[in-house]
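User: I'm new to reading protein models, and I'd like a patient walk through one part of this one. Please start with the whole chain and then look closely at the sheet.

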Amino acid sequence: MIRTVRGATKLIVHDLDENARRIHFLLDSILKKNALHVKHLIFILFSQTDDIDFCNPATLLRRDTRFASVPLFCTAEPQYPHAQLQIVRVLVLYKASIFRHAFRKVCHVYQRETVDLRKDLV
């Protein structure tokens with residue numbers, strides 16, 4: 001069975017080390033809250049607001065060797081009036097064990113100022 005989990009965080013302009021920590025913390029939180037292991041992951045899709053021109057979240061996550069075999073991709077968010085800036089969203093596609101994950105509620109993870117993005121999911 002294939003399932004998805006979503007999340008988001010806010011980055012800091014031009015601080016690559018802090019942004020890498022935020023991306024890692026987001027993914028670690030998603031894994032922990034959903035009782036997942038990297039071996040369950042099929043791929044991770046990031047999107048980022050167009051004002052983030054200083055880093056790529058997929059590249060930042062590749063610093064973590066645990067994700068070396070997970071396909072990572074990043075794309076640009078469409079621009080909308082009044083949209084929050086410096087936001088990275090993530091969609092994680094994973095294999096769910098019938099016994100372990102299939103009937104468990106998915107826990108989406110929205111960190112920092114991104115909680116307002118999807119109050120219906122948090």
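What percentage of the 122 residues in the protein chain is made up of buried residues? And in what order do the strands of the open sheet lie?

Analyst: Happy to help! A word on the ground rules: this is a predicted model, in which local features need pLDDT of at least 70 and side-chain atom pairs count only at pLDDT 80 or more, while totals for chains, interfaces and linings use all residues. Residues are numbered from 1 along each chain as its sequence is written, and side-chain values use heavy atoms, with hydrogens and water left out.

To your first question: buried residues account for 47% of the 122 residues in the protein chain. Buried means under 20% relative accessible area, exposed means over 50%, and partly exposed is in between, using a 1.4 Å probe and protein chains only.

Now the overall picture. The protein chain has two helices and five strands, and their sequence pattern is β-α-β-α-β-β-β. Here helices (H or I, at least four residues) and strands (E, at least two) are DSSP runs numbered from the N terminus. The radius of gyration of the protein chain is 14 Å, which agrees with the value near 14 Å for a compact globule of 122 residues. That radius is taken over C-alpha atoms, and the globule rule is 2.2 Å times the number of residues to the power 0.38. Along the principal axes, the C-alpha atoms fill a box of roughly 40 × 35 × 20 Å. Of the contacts with a separation of 6 or more, 81% are between residues 24 or more positions apart; a contact means heavy atoms within 4.5 Å.

On to the sheet. It is open, has five strands with mixed pairing, and its order is β3-β2-β4-β1-β5. β3 (72-76) and β5 stand at the edges with a single partner strand each, so one side of each has no neighbour in the sheet. Two strands count as paired if DSSP finds at least two bridges between them.

Let's walk across, starting at β3. β2 and β3 are paired in the parallel sense over five bridges, and one example is Gln48, whose bridge partner in β3 is Ala76. Next, strand β2 (residues 41-48) pairs with β4 in the antiparallel sense over seven bridges; here Leu41 stands opposite Tyr94 in β4. β4 also pairs with β1, in the antiparallel sense and over nine bridges. Finally, strand β1 (residues 2-10) runs parallel to β5, joined to it by two bridges.

Gly7 is a handy place to stop. Its bridge partner in β4 is Val90, and in β5 Gly7 stands opposite Val109. Next along, Ala8 stands opposite Tyr110 in β5.

Now look at that partner, Val90, in strand β4. Val90 and Gly7 are 83 residues apart in sequence, yet their C-alpha atoms are 5.1 Å apart in space. With a relative accessible area of 4%, Val90 is buried. Not counting residues up to four places away in sequence, Val90 touches Val5, Arg6, Gly7, Leu26, Leu27, Ile30, Ile44, Leu45 and Phe46. As background, side chains in a regular strand alternate between the two faces of the sheet.

The loops that link the strands deserve a look too. His82 lies in the loop between β3 and β4, and so does Gln86. His82 is exposed, because its relative accessible area is 84%, whereas Gln86, at 17% relative accessibility, counts as buried. His82 has a positive phi near 65°, and Gln86 has a positive phi near 60°. Most residues other than glycine have a negative phi.

Another loop, between β4 (87-95) and β5 (109-110), holds Arg104. Arg104 is partly exposed, with a relative accessible area of 39%. Setting aside neighbours within four places in sequence, Arg104 is in contact with Arg3, Lys33, Asn34 and Ala35. The C-alpha atoms of Arg104 and Asn34 are separated by 8.4 Å, although these residues are 70 apart along the chain.
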